[in-house]
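Open the structure in your viewer and keep the selection tool ready. We will go step by step.

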Amino acid sequence: MILTTTHNIENFKIVDYLRIVTGTAYDSSYTTNGQKMSFKDMFSMSKYREIYTLGLENIKEKAFQNLKDNAIKLGANAVVGIQIDVEPLTNSATLIVSITGTAVKVK
């Protein structure tokens, strides 16, 4: 599956535009690999940043997998024009990642 933020793919021709697809995922930004950040770690900037970054990456990967699954269901072999949106939920440690693009068939 080809995923790109551009609207075309070099050396490929888009033969069919299928429809807009989305992949979303959400989780706590303070967890990674099933482990929660300890209270003590919240006051260590390096540990906080490390766990927050890993948590965001995990959420983003889940959203990309959902996007690919939705494109495959339509018979697509690529998604073009991808845009990523990361939003925190108010008054919580939860992040929502939404990825949108156009599912296409390329040759």
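Start by selecting Leu 3 and Val 79: Leu 3 stands opposite Val 79, which lies in strand 5. Bear in mind that this is a predicted model.

Stay on Leu 3. Its place is in strand 1. Is Leu 3 buried or exposed? Neither label fits: at 30% relative accessibility, Leu 3 counts as partly exposed. Now add Met 1 and Ile 72 to the selection. Together with Leu 3 they form a nonpolar patch on the surface, with about 260 Å² of accessible area in total.

Next, show strand 1 with strand 5 (residues 78-88). The two pair in the parallel sense, over 2 bridges.

Move along to strand 6 (residues 94-106). Strand 5 and strand 6 run antiparallel and are joined by 9 bridges. Pick Ala 78 to see one pair: its bridge partner in strand 6 is Val 104. Then go to the turn. Strand 5 and strand 6 form a hairpin with 5 residues between them. Select Asn 91 in that turn; its phi is positive, about 60 degrees.

Now bring in strand 2. Strand 2 pairs with strand 6 in the antiparallel sense, over 13 bridges. Select Tyr 26 and look across: Ile 96 in strand 6 stands opposite.

Finally, show the 4 strands together. They form an open sheet in the order 1-5-6-2, with mixed pairing. Which strands stand at the edges? Strand 1 (2-3) and strand 2 (14-28) do, each with a single partner strand, so one side of each is left without a neighbour in the sheet.

How values were computed:
Residues are numbered from 1 along each chain as its sequence is written. This is a predicted model: local features need pLDDT of at least 70, side-chain atom pairs count only at pLDDT 80 or more; totals for chains, interfaces and linings use all residues. Side-chain values use heavy atoms; hydrogens and water are left out. Two strands pair if DSSP finds at least two bridges between them. Patches are made of residues with over 30% relative accessible area and no salt bridge: like charges are joined within 9 Å, nonpolar side chains (Val, Leu, Ile, Met, Phe, Trp, Tyr) within 5 Å. Accessible areas come from the Shrake-Rupley method with a 1.4 Å probe; for residues, only the protein chains shown count as cover. A salt bridge is a side-chain nitrogen of Lys or Arg within 4 Å of a carboxyl oxygen of Asp or Glu. Buried means under 20% relative accessible area, exposed over 50%, partly exposed in between (1.4 Å probe, protein chains only).
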